[in-house]
Each structure stands twice: as C-alpha cells, then as structure tokens.
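Please look over the sequence and the structure shown here before reading the report that follows.

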Amino acid sequence: MSNRLQTEQIQQLDSQHHLHPFTTHQTLRAASGPRVIVKGEGAYVFDSEGNRILDGMAGLWTTNIGYGSKELAQAAYDQILELPFYNTFFKTTHPPVVALARKLAELAPANLNQVFFGSSGSESNDTAIRLIRHYWVLKGEPKRRIIISRKNAYHGSTIAAGSMGGMSHVHQHSYPVYEGFRHVMDPYWYGESFDGETPEAFGLRAARAIEDEILRCGPENVAAFAGEPVQGAGGVKIAPDTYWPEVQRIVDKYGILLLADEVITGFGRLGTWFASEYYGIRPDLITFAKAATSGYVPLSGVLVGDNIADALMAENDDFNHGYTFSGHPVACAVALKNLEIMERDRLVPRVKETTGPALARMLARFKDHPLVGEVRSVGMMGAIELVADKKTRRRFSDLGRVGLICRDHFFRDGFIMRAVFDTMVCAPPLIWADTQFEEASAVIERALDQTLQDVKGELAA
Ligand SMILES: *Cc1c(COP(=O)(O)O)cnc(C)c1O
C-alpha cells in the first residue's frame, strides 16, 4: 500500500471515530485532515508521508530528552515484567513509587518533601485544589476557600483545574464554573503595560493586582494564589524580574498558600530543575506532569510542602482523594530513568550554559522583522509575537488568523512551532544542538517572509 493511501485511510478513520482535544472538528474534517505522525527520533518526528519534521514544541512541552530513547523503553519493559501494576490505596506501596518520590524530594525546593501522584497535569491541579482547601479546614480556618489565579492561565481541562485557569473559552464548557476562583491580570508587559511603563514598574503593578484582590475578597477568605512561573499555553508570557519577588512578599504578608503550576516549567526548562528555584519563590505546592517522563508515559504529581504534610498528620484525618493510577509502577520507573538521563547528560545546566542562550540568540535575529512585535524567551521556552503595527503594538484583525498562516508555513517547511493566537511559541527538547538551531532559524526566516507576503496589505505603513 502506498504511503498516500495509508495516510488517507488513517485520516478517514480518524474523522469517523476520533474526537481531538481543543479542536474545531468541522474545520479539521473539512480540510485535508490531520497530519499523521508515525515516528520520533531524537529532535525529529516523521509523518506518514515520510517527511522529517523538526519538533520545536517537544511534543507538547514534554519530550525533554527527545524521541526514541531505548533506555526509557527498556525501563518500561523491565518494570512491566516485574510488576506492571499495583495500587497504592490499601496500605501498600512498591519500590518504583518510593524511589521516585525520594528522588523528586531531592530535586525539589527544600521545604517540599512529599509527593502525591497522578497521571495528568489537570489531575495534579485538582489534587492541589483539594489539598489547599483541606489544609485550611484542618487548620481551623474553613472559610479560606478562594484561590486567586490569573487571566490566560492554563491549569488543565478538568472542571476544577479548568475553572482555576483563566481562559474564558475553557470556562464556556464548564457551566457552572466551579466556584471559589478569582482571576487577576497576567504579567504580560508587551500586551498590558501603559505607554512608557517600564517592565519593572509593570511587574510590581501586576503583582499588586493580587493584593488588591485579596483585600477585595477579605484576606480571611483567601486560601492560595496559583500561577505558572511562566505562562505557557497562554503565549509564553514571561513576568518582569520584579513580579515574583513581589508576589512572594504579598503571599507571605497575608499568610496564604502559594501553588506553582510547574507542569511546563518543571524538569529543567528554565535551566533549574524547577522554575521556583529560578525565580527564587517558595511555593507550598508544586504541580508537575509533562516532562517528568519526557512524555513517554503519563505521570504527574503534586510536591507538597512540609506545612501541609504536617497538617495531614492530624488525628483521624481522612484524605479522601486518589486515582487508580496514582504512582503507577511503570510510569514511576520511566520517570526515574528519565531523570537519571537528564542528570547524566547535564541537560538542565546546559539550558543555562548553552541551549537557553542559543534559543535567545536565534529569536533575537527576528526582532526587527516587519511582522514581529516582540521576541522573548527564558531558558528553553520562547515566543515570537506577530503584530500589524510594530510602533503601536496593534494586533491583526481576527486574532489568531495570522498565527495560523505562519504556523502552516513552518509546518510545510518541516518545523513545528505552535500558534497561540498570533504569538508563535516554542519549547524545544533540551537536546537541541547547533544543527537544530540553525535549521529552525532558516525555517523561521523563510516562514516569516512568506507570512509577510500573505498579509502585507494589512501592515501599518
Ligand atoms: C498542560 C498543562 C496542564 C494540564 O496538563 P494535562 O496533562 O494536559 O492535564 C496544567 N498546567 C499547565 C501549566 C500546563 O501547561
């Protein structure tokens, strides 16, 4: 059977039976259908037509060590033969879950020493929400239920995590939105600052929006503030340096908990094991998922602060929460091996020393392009924001249209970056070397020029 025929058959079956996440199905099915990805190798994936594609998104912020690791395959194989599954509900445990919990406690900030496992970022955030509210009940302050989060935050797609997130199009699907969440502005200097406002001043203003909200709710009703150290799905929004220290000050002042959603930033993306370390914050809980196993199998969790863990030791307290696959032995074995590989190959310090700076240099090449409003990056995550008018930062009409045009040019040229409206975002595997940066740079240059041709008439004179 030819590749073409195979591809068409797969696409047809896909359209008959498969509902995709975050997708306009009518458009997907009316167009040529989804691209069929059949293989991954190192920094590349291959589609069913035999095209090699450089993956600038690490799958979806996940494959930090790259594709095709025989060592991870072997770790899964060995564990499946030894013990493919056992639960951890009924006073039982097993070696891989204990070893991984120990390892994570070692890598995490000093005050986080316990782990509750799940299989997705959404689940781990749901767990965190329950833990936060349960904590305040145990502390005798049950009125503290409100969790403050931010606009454009992404915390997952379950009803609680989706309600904590700040994306209105996600909320539309969870009527009624799960109660008890408030959303304040995100620290997005390029899009939200006043004329002439410095990033430093803006960072303080964005942080103080949290304090304003605490006072509006009444501090005695506020349980926690939750945020991604860098907003990922919201468009790689990197807070100015003044932001996180001020957030920590506010959280401390009112004695509320800090939840760092490190589902993207965990496991080295910023050049530290956790971004909390990078920004010098002291979260009471860290949620993680995606890159814990480099995405080879699903695994997530919540790193829990000693203060919360101690409260759970209260006499006769039942924490009535858990997932069948909490601490799945195969997932734990793969995560352990993944972390071992990251340490052996120095992938985390390399983000600080070589790959992160290389990404920043690559993006900086495009900052003067007529379509580009801003380039930004931190560690191995970055963005190129496209605008119709560089001077006034005016967006294109019909937000998201130009981003998709640009993304399609990338795709046709064998490169993946994701479009968040008109912001092109990337989060390459941490294994990128000069070859990949050069390849990406050449594609981005061509794709931006092609996009410019497509939308030239809409640009400010
Ligand atoms: C992806 C993501 C989630 C949700 O993770 P799932 O595994 O898709 O449930 C939560 N928070 C952040 C910051 C994410 O990027």
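Which radius of gyration does the protein have, and what would a compact globule with 461 residues have? The model is a predicted one, and in it the radius of gyration is 22 Å, which agrees with the value near 23 Å for a compact globule because the protein has 461 residues. Along the principal axes, the C-alpha atoms fill a box of roughly 65 × 60 × 45 Å.

The secondary structure comprises 17 helices and 17 strands. Among the contacts with a separation of 6 or more, 71% are made by residues 24 or more positions apart, while buried residues account for 54% of the 461 residues.

The surface and the charges can be described next. About 20,500 Å² of the protein is accessible surface, and carbon and sulfur atoms hold 54% of that area. The two sets of charged side chains, 47 positive and 55 negative, have centres that lie 2 Å apart.

One part of the fold is an open sheet of four strands, in which the order is β1-β2-β3-β15 and the pairing is mixed. The edge strands of this sheet, each of which pairs on one side only, are listed here.

| Edge strand | Residues |
|---|---|
| β1 | 37-41 |
| β15 | 415-416 |

Strand β3, which covers residues 52-55, runs parallel to β15 and is joined to it by two bridges. Where D55 is concerned, the bridge partner in β15 is I416.

Note on methods:
Residues are numbered from 1 along each chain as its sequence is written. This is a predicted model: local features need pLDDT of at least 70, side-chain atom pairs count only at pLDDT 80 or more; totals for chains, interfaces and linings use all residues. Side-chain values use heavy atoms; hydrogens and water are left out. The radius of gyration is taken over C-alpha atoms; the globule rule is 2.2 Å times the number of residues to the power 0.38. Buried means under 20% relative accessible area, exposed over 50%, partly exposed in between (1.4 Å probe, protein chains only). Contact means heavy atoms within 4.5 Å. Accessible areas come from the Shrake-Rupley method with a 1.4 Å probe; for residues, only the protein chains shown count as cover. Lys and Arg count as positive and Asp and Glu as negative; His and the chain ends are not counted. The place of a charge is taken as NZ of Lys, CZ of Arg, CG of Asp or CD of Glu. Two strands pair if DSSP finds at least two bridges between them.
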